[in-house]
Structure formats: C-alpha cells, structure tokens
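Let's take a guided walk through a protein model, one region at a time. Have the viewer ready and pick out the residues as they come up.

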Amino acid sequence: MTGRSSAAAAGERTFVVGVGMTKFDKPGTKDGDYPDWAKEAGQRALADAGLRYEAVEAAYAGYVYGDSTAGQRAVYGLGTTGIPVVNVNNNCSTGSTALHLARLAVKHGIVQCALAIGFEKMERGSLGMKFPDRTNPMDRHQAAMAALRPAEAGPFAPQMFGNAGRDHMERYGSTPEHFAWIGWKNHKHSVDNPYAQFQDEYSLEEILGARMVHAPLTKLQCSPTSDGAAAAIVCSERFVDAHDLWAGAVEITGQALVTDLASTFAGDTDCMKIVGLDMSREAGRRAYEEAQVGPSEVDVCELHDCFSANELITYEALGFAAEGEGHRLVDAAATTYGGAGPVVNPSGGLISKGHPLGATGLAQCAELTWQLRGAADRRQVDGARVALQHNIGLGGAAVVTVYQPADR
C-alpha cells in the first residue's frame, strides 16, 4: 500500500493549494498592524490558489501575543462570511498547529476548503512571561532543567537550548564550531530569500565571535523576534478536482502533533529531552509512517532552528543522523546545497528568516510548497520530491509534516 492510499483510507487526501506570506521584519519597523499583515498573507494565499475568500469554509488563526479573538479581527480583512474562526496558541508551533487543525477538518470531511493563517506583532528583545500572577506553563520544564544545570543570568529560552547543546557536546563530542556552522549555513541561505528578516552572509569566524548569549550560542545562532504573517489554503481531493487546482497543489501525505512525553520530566531526563527531542522524534515517526516514507527520502526540510543547537539535535530526532551523530552531518556539510543529506532551512530558517511565532509554521509550509513546485528561485533544491517540516514549541508541542507533489 502506498503512503497516499493509506492516508486516503483514514480520511480525505489533503492538499495545500495556495500559500502566501509577508516579509518578516524587526519589531516596530514594519508598516501597519497585524490585521494588515494577515490580510496581505491571506490575499496572497488566495491569489496563489486562484480562489475567492468565499470558498473558504473555516479558518484557523494562530498567534501567541494578542487579545482573544484577534484571529477574527485578522481574518475579517479577507471577508465577513460568518465561517467558524478558531484562535490557536501553541507557543512557537502555533502556525503548524493551525495547519494541523485545518488539515484535520478537511481530512475528516468537516469542510472541503480551510484557511490556516498565522501572524505575530512582537516586542523587541527576549521573550518573557506575560502573566506573572499565575502558574508558569513551563514551570515543570524549568524545574527539570534546574535539577540538571544551575540557572545563569540571561534569557530563559537560550539557556534551555544552550544547555541542550552542552549536553550534546559532553555526551557525544560535538563542539561550538558545529553549532556555529549551522548559524553560518542558515544566514548564507537567507541571502536569496526576499521574505527574510536578515539577508546578510557572515563568516564562520563572525558567527563564533558574535556576542555570547548562553554558551555555546552566540547572537548569530539565535532566532530574533519578528513581525509578520503567513497563510495556507488546505483543500480536499474533491475540491481540488472540482476547481482544477492540480497544477499548484502539494499533498500533505503525513502529519503529527505530539506534546511532552513522560521522558521530558523523568528522573533520568536530560536537557535535550526537556527542549523536545523525544517529542520531535515521535512526531517524526508518526508523520513518516502515515506518508510511508523514511528520513533517507527527504530532499528538503524546514526545521525549527530557534537556536542552532536545536537544529543539530533535531537532525537525530528526525532520523537524518543516528543518535549522537548529528555533528557528523555538519562535518560533511551534508545539510546545505550539494550535500549528501536533505537541504535544511533553504529559507534561512528561524535564525535568519525571522521568527514571528504565530506565522513561523505557515512560512515553513510556504517555503516547502514553493520547493516542491520548483518555484523557489535561487533557493531551489534540485529535484525536490519529498519535503519535511518540523516546528516545535516549549511547553510543549511538536508538529512534523510531510509534503509530496500532488498526484491525481
């Protein structure tokens, strides 16, 4: 049985038929406000699909920093048709969670055409708590981390992922240079991405010599806060057929959303598991199984490189490298153009493209849709046929999605 047949057996086949996004920008520098950015991304996705907004039967609107029903305010810029609008917040995996919900609605026949849209208007600087008068939803993660490594001065997120990098170095022999290479690679890739917040290339020495945030992570290995929006239109096979959308359709052949497992907080846990290593591994396993493909078949991957350490350990979680050997891919320059592995983060990734939390997962979807259409311009990965998306949020949730070209 092929992956597509097994997916259809469990429900409708699902296709991305239109994608759109804004340029990502440094907070406070982008004209307009979140409804303007969502409208721009949504209109681009609709135009890309050749559809009117009236065709959309449900919308899933993702954002992390905003008041309740900001999703409605954002979507109303496209039209007020009375459709269900669901507001989604799943930390840094919010955009992919919106995509997951849109796909579920289509896959199980609730609607034939759904919109997943994500946006964020962020503050400058490191992320912090917005509601200090109640339980921190990551208190268990912080406690587990503190039991392994004492807290240091500086922002919480880079400490978490930097500590994961330290664990990998101590256990498996990776070095700061391995993590720095990932920052170098992703900045280099972003030079060809007009949507990226940064389009500057740096030398490896400049990456290593940048301000230290939390060793081994320097500033140029950390994703920035960003403003922007992205969107995707998800449709059933019946809808694609009826509207003759096959030319631009890309099939979602596998997808899984996984939250923290017992291993995150177990007595023998480590810093890599606390930041989601096992969540990513399990989400990848389920997505591969549904799509009936394996890691060796992946040609291109948009991977959640909130920090360079997370990209390296996720190479192992997704099966691109064996446990403890993610840095071997760096030694071989395997994850860039011309390498033996999948090209990872051709968009520049979160490190250089930017990271507006609600939009990130849908921007990854847009990049991989363009890649499989052969429409990624100078970023194009030659012969891309299997694309993998990985999006993770502490707290936690990991979403892994497999895309393949549409087949009638």
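Here is a short report on some strands, charged pairs and cysteines in this predicted model.

## A strand with partners on both sides

Start with strand β2, which covers residues 58–62. It pairs with strand β3 (residues 85–88) in the parallel sense, and 4 bridges hold that pairing on record. One of the matched pairs is easy to find: G62 has V88 as its bridge partner in β3. Strand β2 also pairs with strand β4, residues 113–120. Those two run parallel as well, joined by 5 bridges, and here A58 has A114 as its bridge partner.

Now add a helix to the picture. Helix α3 (residues 70–75) goes together with β2 and β3 to make a β-α-β unit, and the unit is right-handed.

## Which way do the side chains point?

In a regular strand, side chains alternate between the two faces of the sheet. You can follow this along β2: A58, Y60 and G62 point one way, while A59 and A61 point the other way. Is β2 buried or exposed? Of its 5 residues, 5 are buried, so the strand is largely enclosed by the rest of the structure.

## A closer look at V88

V88 sits in strand β3. Its relative accessible area is 6%, and buried means under 20%, so V88 counts as buried. What does V88 touch, if we skip residues up to four places away in sequence? The list includes Y60, A61, G62 and Y63, and also T94, T97, A98 and L101.

For a sense of distance, try W181. It is 93 residues from V88 in sequence, and the two C-alpha atoms are 34 Å apart in space.

## K353 and its company

Next, jump to K353, in helix α15 (residues 349–353). At 1% relative accessibility, this lysine counts as buried. Its side chain also has charged company: K353 and E302 meet in a salt bridge, with 3.5 Å from N to O. The two belong to distant parts of the chain, since K353 is in helix α15 and E302 is in strand β9 (residues 300–302), 51 residues apart. E302 is buried too, with a relative accessible area of 0%.

K353 has another polar partner: its side chain makes a polar contact with the side chain of S347, at 3.4 Å. Leaving aside neighbours within four places in sequence, the contacts of K353 include F24, N193, Y195, A196 and Q197. Also among them are G348, A363 and Q364.

## More salt bridges

How many salt bridges are there? The count comes to 26. One of them joins the side chains of K107 and E290, at 3.3 Å from N to O. K107 lies in helix α4 (residues 94–107) and E290 in helix α12 (residues 277–291), so this pair ties together parts that are 183 residues apart in sequence. Both partners count as buried: K107 has 8% relative accessibility, and E290 has 17%.

Another salt bridge links R166 and E152, whose closest N and O atoms are 2.8 Å apart. R166 is in helix α6 (residues 156–172), while E152 is in the loop between α5 (139–148) and α6, 14 residues away. R166 counts as buried at 16% relative accessibility, whereas E152 is partly exposed at 37%.

## Cysteines without disulfides

A disulfide is a covalent bond between the sulfur atoms of two cysteines. How many turn up in a search of the whole structure? The search finds 0 disulfides.

Two cysteines show why. For C222, the closest cysteine sulfur is in C306, 9.1 Å away, which is too far for a bond. For C301, the closest one is in C365, and at 13 Å that is also too far. For comparison, a disulfide needs its two sulfur atoms within 2.5 Å. Both of these cysteines count as buried: C222 has 12% relative accessibility, and C301 has 0%.

Definitions and conventions:
Residues are numbered from 1 along each chain as its sequence is written. This is a predicted model: local features need pLDDT of at least 70, side-chain atom pairs count only at pLDDT 80 or more; totals for chains, interfaces and linings use all residues. Side-chain values use heavy atoms; hydrogens and water are left out. Two strands pair if DSSP finds at least two bridges between them. A crossover is right-handed if, with the strands pointing away from the viewer, the path from the first strand over the helix to the second runs clockwise. Buried means under 20% relative accessible area, exposed over 50%, partly exposed in between (1.4 Å probe, protein chains only). A polar contact is a pair of N or O atoms within 3.5 Å; within protein, one must be able to donate a hydrogen and the other to accept it, and residues adjacent in sequence count only if both atoms are side-chain atoms. Contact means heavy atoms within 4.5 Å. A salt bridge is a side-chain nitrogen of Lys or Arg within 4 Å of a carboxyl oxygen of Asp or Glu.
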